[in-house]
Amino acid sequence: MENIIIRSATAADYDKVIEIAVSQWAKIYEVYRQILGDEIYEMHFPNHLEAKAKAIRADLDSGKVLVAECEGQVAAFIHYNYCEQTKIGEISDNAVSGEFRGRGIAPQLYNHIIDMFRKLGAQGVTVHTGLDDGHAPARRAYEKVGFKVGLPSINYYMNL
């Protein structure tokens, strides 16, 4: 496993985190386009990369984003939430930069968050991911750290 430093994201990290998110989600959105076809895709995902950048900026503004530094660079990020009432932690938007993929960084981030949730008194952790090929690397990383039980889901689309 790669030697990384995990820390809270700062304002200086925003551009790099957004860059990582947009580049990695571009691959996912291309899978969506292949599955849905151009017409349905364009209807449901207009300006998809700009929307993803805006969502990631909101994640960063929440103060609930950690980054992983590797070789002195921000290599990955993870957004999380914790509900004190339900004692459930949630892993949300997260990605590893393409140049750092395959080095075990994602499982280190997930284990860090899971340990943080344990210290907060969490009784469970949840993560939502897609079942499409674009999300296959994420599913493998989640399974590596112990996620085993999931509810399959599907979104249906149609033109009117």
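**Salt bridges in the predicted model**

In this predicted model, the count of salt bridges comes to 9. Side chains of opposite charge can pair when their charged atoms come close, and several of the pairs are described individually below.

One of the salt bridges joins E71 and R103, whose closest N and O atoms are 2.8 Å apart. This pair links distant parts of the chain, since E71 lies in the loop between β2 (65-70) and β3 (73-83), whereas R103 lies in the loop between β4 (88-96) and α4 (105-120), with 32 residues separating the two. The partners fall into separate accessibility classes: E71 has a relative accessibility of 55% and therefore counts as exposed, the cut-off being over 50%, while R103, with a relative accessible area of 27%, is partly exposed.

A further salt bridge is formed between R118 and D115, with a distance of 3.1 Å between the closest N and O atoms. Both residues belong to helix α4, where they are 3 residues apart, a spacing of about one turn of the helix. R118 counts as exposed because its relative accessibility is 57%, and D115 is partly exposed at a relative accessible area of 38%. Elsewhere, salt bridges that share partners connect R7, D13 and E69 in one network.

The side chains of R33 and D38 likewise meet in a salt bridge, for which the N to O distance is 3.1 Å.

Terms used. Residues numbered from 1 in each chain as written. Predicted model: local features only at pLDDT ≥ 70, side-chain atom pairs only at ≥ 80, totals over all residues. Heavy atoms only, no water. Salt bridge = Lys/Arg side-chain N within 4 Å of Asp/Glu carboxyl O. Helix = DSSP H or I, 4+ residues; strand = E, 2+ residues; numbered from the N terminus. Buried < 20%, exposed > 50% of the residue type's maximum accessible area, 1.4 Å probe, protein only.
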